[in-house]
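This report goes through one predicted model, beginning with a single residue and moving outward to a whole chain, an interface between chains and an interface between domains. Please keep the sequence and the coordinates at hand while reading.

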Amino acid sequence: MTASAILIQFLNGLSGASSLFLVAAGLSIVFGVTRIVNFAHGSFFMLGLYVAYSLIDRFGHGAAGFWGGVALAAVAVALLGALVEVLLLRRIYAAPELLQLLATFALVLVIQDFTLWAWGPEDLLGPRAPGLSGAVNIAGHQFPQYDLFLIVLGPTVLLALNFLLKRTRWGTLVRAATEDREMAGALGVNQKWLFTTVFALGALLAGAGGAFQIPREPASLYLDLSVIADAFVVVVVGGLGSIPGAFLAALLIAEIKAFCIGIGDVTIADSVISLPKFTLVVEFVVMAVVLVLRPWGLLGRRLTPPRRVGAVERPLALPSRRAVYALAACGAALALLPTLATGYSLILLTDIFVFALFAVSLHFIMGPGGMPSFGHAAYFGLGAYGAGLLLHRGGLPMELALLLGPLVAGVGALAFGWFCVRLSGVYFAMLTLAFAQITWSIAFQWDSMTGGSNGVIGVWPAPWLASRTSYYFLALVTSAGGITLLWRMFYSPFGYALRAGRDSPLRADAIGIDVRRQQWAAFVIAGLFAGVAGALYVFSKGSISPDSLAVPRSIDGLVMVLLGGVQTLTGPVWGAALFTWLQDAAARNVEYWRAVIGLVIIALVLAFPQGLAGFLRDRFAGERHAP
Amino acid sequence: MLEIERLSAAYGLAQVLFDLTLDVRAGEIAVLLGRNGAGKSTCLKTIIGLLRPMSGAIRFAGRRIDGLEPFQIARLGLGYVPEDRRIFSDLTVMQNLEVGRQAAHGRPSEWTPRRLFELFPNLGRMQHRRGARMSGGEQQMLTIARTLMGNPKAILLDEPSEGLAPLVAEQLAKTVLELKREGLSVLLCEQSLYFAQSVADRAFVIEGGHVRYAGTMQALAADVEVRDKYLSV
C-alpha cells in the first residue's frame, strides 16, 4: 500500500468510527446509570435510519428537509426511548437483571416487525446530504465530503457528552447515580426522572447514529442485531460506562476494519487469506484479545454491583418427592404419547426435547454457575456440525456420529471456556458472544469444509431411527437422560461448590474451592450437553446451516431459561416447551409472529418477574414473600 | 419531629427489627445505642425508605412517611448520613455537595457551600479534590455536609465516629452539637457510649431488634445494669 492509500483508509476508518461511537456511547450511558443492557439499542438505531428516510422523503431533499429530517428522526427515537422506559423498564428495575435483558430483547422483536409492517422488507436507500454530496481530492484520491463531516461529528459528540456529564447538574446527578443510585436517592435525587432522561439521551444517540447514516447505508431490517452486536463490542472493549473508552474502541475497530478492506487478499505461505471477509469477525477477535488482556476494557474500571437491600435469592432446594413423581409421570406420559398422536405433534415435541436439553445445559452454567452465556448456541452448533460432518466427510455411521459429535462441542467449550471463566457478569457474557460469533463466521466462511452459508444437507438418521416415532423416542430418551444427569449434578458436591463460587467467589476460594476450575468444568459440561442437543437436532432436520449457531439461537436459549426462571430447577424445561411451541404456532399462523412473541414475553415479564416456574413455585408452595 | 411506632423490618426472610417504638423531639439529639448487629443501621435505613417496613408506622413532621420512596422522604427534610459514608468517589467535593443540593421546598435555603466550609474548614481547602482521594475523617465531614445541602429539618447519623481518630471524633461531636444549635433534630446511631454521652439528650438501647431501654442520656449513664447487659463488649 502506498502512503496515500494508507491515509485514505485511515480516514475511512475515522468516518466509520463516528456512528459506531454514537450508538455505543448511548448504550454505555444507559448501562452505567440503569445497569440495563439494552438489547433494543440497535433497534433504535434502525428506527432512526428508517424514520429519517421517511421524513426526508416528506420534507424534500433540500438542505432544510435533509438536516431537519435527520434531527427530527433522532428526537422521535428519543421520545420513543422515554416512552419505553416509563411504560416498561420502570416496572422491572427491581427484577433480576437478566430478566430486564429479556424484556429489551422482546422489544427488538416488536420493533423489528413494526418496521417490517411500516416500511416493508425492501432495503431503502436515502438521498445524499445536500451540500456534502461531492468529493474532495485528498492525496490524489476522491474522498466523500460527507465522510469528512462524519469524521468531525464523532469528536464533537464526544466533547458535548463530556460537557454534559462533567459540567452540568444533570451530569453530576447521573454520575452520582451511576456510582451509587441508592445513596443518590436518599439525598433526594428522583431516580425515575433521571433514568427516563438518561434513557431518552441514549435513544437519541442511537437514533442520531442511524439517521446520520442515511447517505451511507440503506435502511435494512437486519441492522438492529448487527448494530447491537457492534455496539456491545465497542462498549465492552472501551470499558462499560466509559464514554472516552467507547470513542477509543470505536476508532480502533473501525480502523482495523477499514484496513482489512483496504488491504484485500494477502497470500501467506501459498494460502490466500481474504482480509475483507475477516471484517465479519474482526471486532469479536479484538474484543476477545482485549478482554483477556484487560478484563475491564481499555478505559473501564471493575464494576461494583449495584447496591440492593433485601433482595436475597432463595437457595435452590431439592425437589420434593411429589415433584419427582410428577416429573416421572410427565416422562411416562410422553413415552406413551406416540400411541395416541402422530404426525406433526411428534415433530414439534421432538424439537421441544432438543431445546429443553439445550436450555437445561445453558441453565447449568447460568443458574448454579452464575455465568450468563450469550453464546451458548456455539456449542449447539458445534455438536450439530460435528455430527453432520463426521457422517458426511468422516464417513462414520450415524449412531457413532451422534455420539462423537458432541465431543466437538466439548472440545470447543474446553478451549473457549478457559478464557471465558476468567471474566464475570456482562464481560463474561460478551466474551461468550464473541466466541460464538467467531465460530459462526468459521462455519459461514469455510466453504470447503462446512458448505458455507448453505451448510451441510442430507444428514439423515440411520434407517432404524428414520421414522418419526422412533426418532421421537430417541430424542425423548437422550434428552430426558441428559437433563436428569445435569439436574443430578446440581445437587452433587460439584454443584454445591459451583453455587458457592457464584455466591461468594472469595469465600469459596478461602475454603479451598478452585472456583475458576469448577466454572471451567461446568462450562465444558454445559457445552457438551448443548452439543448433544445439537447432534440430535441435525439428524431430526436432516441439515445444518450457520443459522443454528448464530446469535439469535443463543438468545433463544436465554429466553427459554429466563422465561422459566433462572432460580428454579425445572423452569428452563417449561420455558423451552413454551417458547418452542409459541414460535412454531406463531410462525405458522401469524404474519407478524415476532411481534406476537415479543409482546407475549413482555406480558410474561411484567406479570411474572421471577419466571414461570418461580411464579408457580411461589404460588403453590404457599410461602409468603417478605414484602 | 420523628415518631416510630411498632416498626418491624426484615432482609428477605430474616426479620431484623421487632416492634420498635422510639421518637425524636424537635431540636434534640437522640441516640440509638446497641452492639454490632443489634439493628441500628437497619432502623435508619427503614426510616429513610431504603428498606420497606413489614409493619408499623413512621411519622415525620406530622406526616406518615413509611412507604414513600427515599427521595420523597429526603425532600420532606429528613437527611441521611450512612454508616459507610458512601461518598461519590468519582465526584469532587463541590460536586458531591451539588448532588445533595435540593431546591428548598418552602423552606429557607440555609446551607450553602460557603457556610458549610465555615463549619468544616478542611473541606473548604479541598473543594476540587475527588472523593476517592480523601481520608476517612474528611469523607465523614463531606457526607454530613452533603446531607446538609438538602436543608434538612432532621438528620439520621449512622455511627459517625466509627473508625475515626479520637481527636477527629471529638471535633465531630462539636459539629453535631453545632447542628443542634442550628435547630436540627438528630437521630444518632452509636456503639460508643462515650461519643453518645458527649452529645445526646435521650437514649434508646436496642438489642436483637428490640428496644430494651428508653430514657435520658444521663439516666442511662448512671444505670450500670443496663450498660453492662446491653452495651459492654
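In this predicted model, Lys45(B) sits in helix α1 of chain B, the helix that spans residues 40-48. Leaving aside residues up to four places away in sequence, Lys45(B) touches Tyr11(B), Leu50(B), Leu51(B) and Tyr80(B). One of these partners, Tyr80(B), is separated from Lys45(B) by 35 residues in sequence, while the two C-alpha atoms are 8.5 Å apart in space.

The chain to which Lys45(B) belongs is built from ten helices and ten strands. Its radius of gyration is 17 Å, close to the 17 Å that the globule rule gives for 233 residues, so chain B is as compact as a globular protein of that length. Taken along the principal axes, the box filled by the C-alpha atoms of chain B comes to roughly 45 × 40 × 35 Å.

Chain B also meets chain A, and this contact involves 26 residues of chain A and 28 residues of chain B. About 2,600 Å² is buried between the two chains, with carbon and sulfur atoms giving 58% of that area. The count of salt bridges between chain A and chain B is three, and one of the bridges between these chains joins the side chains of Arg86(B) and Asp180(A) at 2.8 Å, N to O. Eleven residue pairs are in polar contact across this interface, both residues of each pair being at pLDDT 80 or more. On the side of chain A that touches chain B, helix α6 of chain A (residues 169-186) gives the most, with twelve residues. By class, that side of chain A has eleven nonpolar, five polar and ten charged residues.

A second interface lies within chain A, which is divided into domain 1 (12-124 + 142-293) and domain 2 (322-621). The C-alpha centres of these two domains of chain A lie 30 Å apart, and their contact takes 36 residues from domain 1 and 36 residues from domain 2. Between them the domains of chain A bury about 3,400 Å², 85% of it on carbon and sulfur atoms. In domain 1 of chain A, the residues that lose the most area to domain 2 are Leu98(A), Leu102(A) and Asp113(A), which together account for 17% of what that side buries.

Asp113(A) also takes part in a salt bridge with Arg594(A), in which the closest N and O atoms are 3.5 Å apart. Across the interface of domain 1 and domain 2 of chain A the rule finds one salt bridge, together with three residue pairs in polar contact, both residues at pLDDT 80 or more. The elements giving two or more residues to the side of domain 1 that touches domain 2 are α4 (97-119), α8 (223-238) and α10 (275-293) of chain A. Of these, α4(A) gives the most, with 14 residues. Sorted by class, this side of domain 1 of chain A has 31 nonpolar, two polar and three charged residues.

The buried areas of the two interfaces are set out below.

| Interface | Buried area | Given by carbon and sulfur atoms |
|---|---|---|
| Chain A and chain B | about 2,600 Å² | 58% |
| Domain 1 and domain 2 of chain A | about 3,400 Å² | 85% |

Terms used
Residues are numbered from 1 along each chain as its sequence is written. Chains are lettered from A and ligands numbered from 1 in the order in which they are written. This is a predicted model: local features need pLDDT of at least 70, side-chain atom pairs count only at pLDDT 80 or more; totals for chains, interfaces and linings use all residues. Side-chain values use heavy atoms; hydrogens and water are left out. Contact means heavy atoms within 4.5 Å. Buried area is the accessible area (1.4 Å probe) that two parts lose on being put together, summed over both. A salt bridge is a side-chain nitrogen of Lys or Arg within 4 Å of a carboxyl oxygen of Asp or Glu. A polar contact is a pair of N or O atoms within 3.5 Å; within protein, one must be able to donate a hydrogen and the other to accept it, and residues adjacent in sequence count only if both atoms are side-chain atoms. Helices (H or I, at least four residues) and strands (E, at least two) are DSSP runs, numbered from the N terminus. Ala, Val, Leu, Ile, Met, Phe, Trp, Tyr, Cys and Pro count as nonpolar, Asp, Glu, Lys and Arg as charged, and the others, Gly among them, as polar. Domain bounds come from an automatic or database domain assignment. The radius of gyration is taken over C-alpha atoms; the globule rule is 2.2 Å times the number of residues to the power 0.38.
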